[in-house]
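New to this one? Take a look at the model below, and then we'll walk through a few of its features together.

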Amino acid sequence: MRFAALAALALALGCAAEPVRPPEKSKEAPPGWVIHQAANPHPTAAYAWLEIILEASARSVDRFGARPTILSREMAIATTAMYDAWAAYDEKAVGTRLGGKLRSPAAERTLANKEKAIAHAAYRALTYLYPEDGAWIEAQLRSAGGDPKEDSVPQQVGKAAADALIEYRRHDGANQHGDEVGSDGKPYSDYTFYEPRNPPDRIIDPDRWQQIPFDDGKGGTIFVNFLTAYWYRVKPFALERSDQFRPGPFPKVGTAQLKKEVDECIAYNGNLTLEEKALVEFMRDGPRSTGQSGHWLRFATDVSRRDSHELDRDVKLFFSIANIVFDAFIACWEAKRFYDSSRPWTLIRHLYRGRKIVGYFGPCKGFALIPAEQWHPYSPSTFVTPPFPGYPSGHSTASGAAAKMLELFTGSDRYEAVARRRAGELTEANCGVPQMQAREGKPALHLHDSPEVNLLLPTFSATAEMAGVSRIMGGYHIQTDNVAGLALGRTIATYSWPKYRAYFEGTAKIRD
């Protein structure tokens, strides 16, 4: 890690220490490691339905844009519906809403009945969450051998499990139907009247969040307000309250710690290697991002293939990962709303206004010595940085929670997976060579056609840390956002794991 020392050097010299490096040799994947997101030749019914859940989520992103908090709730509901239907056919597990009321006789606890109940529960949940894709979701059910009009016992079990869950979540604070008091009637709209302290065109308080200009893709500019600013009011799954583990304060402008962390972000962002670009884009998760919920559920499918899971274990694993990330986002958003902290975009413009720094000048423009007011994260102009406060990092909180849950669930921190990416494919895919003119008397910097990069993911905890530091590399966060987020997520998972086990072991009490 290069951190503050490189930052100080780059700023002192007025240029990047190494603006462009030659293409790097990709790391070799150790023998026997799992290839991330490889095809599963023998998927369980839960695995197959998770793929459908993830595709439904991606379709939602295509339609409404990336909404990580909302996506986490949608995936939690869909995977919980599968779990609750499955629990009816287990010897001791209880569902999250109806407990053991749906328990089937021992003779009916067959794999076929489990699969049918899961299918109908997932179908019911998904059509509630994504009504626009109802026809496509029905087609997925039929392709799996189901019929929405059938009236078998497993179908009734799946429907009852999903309906009870849907009723519980219908008014859980997420405002899915736009009918919360104070809402404007639009689904998932803010009903808590959040207003940014800083207007888009000037900085009043550099410690507070500011809306950032995005290209609208049509030649114009838009400013997106705090996405789901009310999310701290959503009912958690296992947490008692959204502020239960709220982290302490963040370093403020004027402190040496804040200056050090901003300089670290500048140095990273102005000196990205090919591997770092690949990591930033991999953890950003692409143009059809299903957020950190989808990303960590993908990691869970790697574990499923690695360990040759049967249906029961897949159901419990996907249920655990989806819900722990759901709770992580609720807790994270409570802290974001409470602290309302700024991001590097604002901090760099405030701390270095009127000065030049080495930075990323934007897609297809590369790195250069630029005015601080033109500094840009390593991100497309249509999604410059996530539209909500920085502290703590959502990526880090979700990743810390999911990684710890995977460790607790499997009994080991071992992951041993490799993700293959091509550096720059999301941010610079349409950039030729060269793309940037010389500035300030400096030679022109060229973008390179990049080789495929192997990102090695040895453990779950290391993968979470890579997710967190990628947000500093990309220019979205400072280190404090990351450290606090990882700690918050891990605390949530450690606290919650006994509650998940209680559902599996049949001792859980049904929450109000």
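## A sheet of three strands

Let's start with strand E6 (residues 414-422), which is joined to E7 by 7 bridges, the two running antiparallel. Keep in mind as you look around that this is a predicted model. Across this pairing, Arg 422 stands opposite Glu 452 in E7.

E6 and E7 belong to an open sheet of 3 strands, ordered E1-E6-E7, with mixed pairing. At the edges you'll find E1 (34-35) and E7 (452-459), each with a single partner strand, so one side of each has no neighbour in the sheet. As for what holds such things together, strands of a sheet pair through backbone hydrogen bonds, either parallel or antiparallel.

## The helix lying across it

Which helix lies across E6 and E7? That's H8, which runs at about 65° to E7. H8 covers residues 274-284 and is mostly covered itself, with 10 of its 11 residues buried. The buried ones aren't just greasy names on a list: among them are Leu 274, Val 280 and Phe 282, but also Glu 276, Lys 277, Glu 281 and Arg 284. Right after H8 comes Asp 285, and its phi is positive, near 80°.

## Rings that meet

Now for the aromatics: searching the whole structure turns up 32 aromatic pairs. One of them is Tyr 83 with Phe 319, a stacked pair with 4.2 Å from centre to centre and 15° between the planes. Tyr 83 sits in helix H3 (residues 68-87) and Phe 319 in helix H10 (residues 311-339), so this pair ties together parts that are 236 residues apart in sequence. Are these two buried or exposed? Both Tyr 83 and Phe 319 are buried.

They have company, too. Ring pairs link Tyr 83 and Phe 319 into a cluster that also takes in Trp 86, Phe 237, Phe 409, Trp 497, Tyr 500, Tyr 503 and Phe 504.

## An edge-to-face pair, and charges over rings

Phe 338 and Tyr 339 pair up in another way: their ring centres are 4.9 Å apart and their planes are at 90°, so this is an edge-to-face pair. Phe 338 counts as partly exposed, at 47% relative accessibility, whereas Tyr 339 is buried, with a relative accessible area of 14%.

Phe 338 has a charged visitor as well: Arg 246 lies over the face of its ring, 3.6 Å from the ring centre. Elsewhere, Lys 252 has its charged end over the ring of Phe 250, at 5.2 Å from the centre.

Definitions and conventions:
Residues numbered from 1 in each chain as written. Predicted model: local features only at pLDDT ≥ 70, side-chain atom pairs only at ≥ 80, totals over all residues. Heavy atoms only, no water. Phe/Tyr/Trp six-rings, centres within 6.5 Å; stacked < 30°, edge-to-face > 60°. Helix = DSSP H or I, 4+ residues; strand = E, 2+ residues; numbered from the N terminus. Buried < 20%, exposed > 50% of the residue type's maximum accessible area, 1.4 Å probe, protein only. Lys NZ or Arg CZ within 6 Å of the ring centre and 35° of its normal. Pairing = 2+ DSSP bridges. Contact = heavy atoms within 4.5 Å. Axes fitted to C-alpha atoms, helices over the stretch in contact; angles between N-to-C directions.
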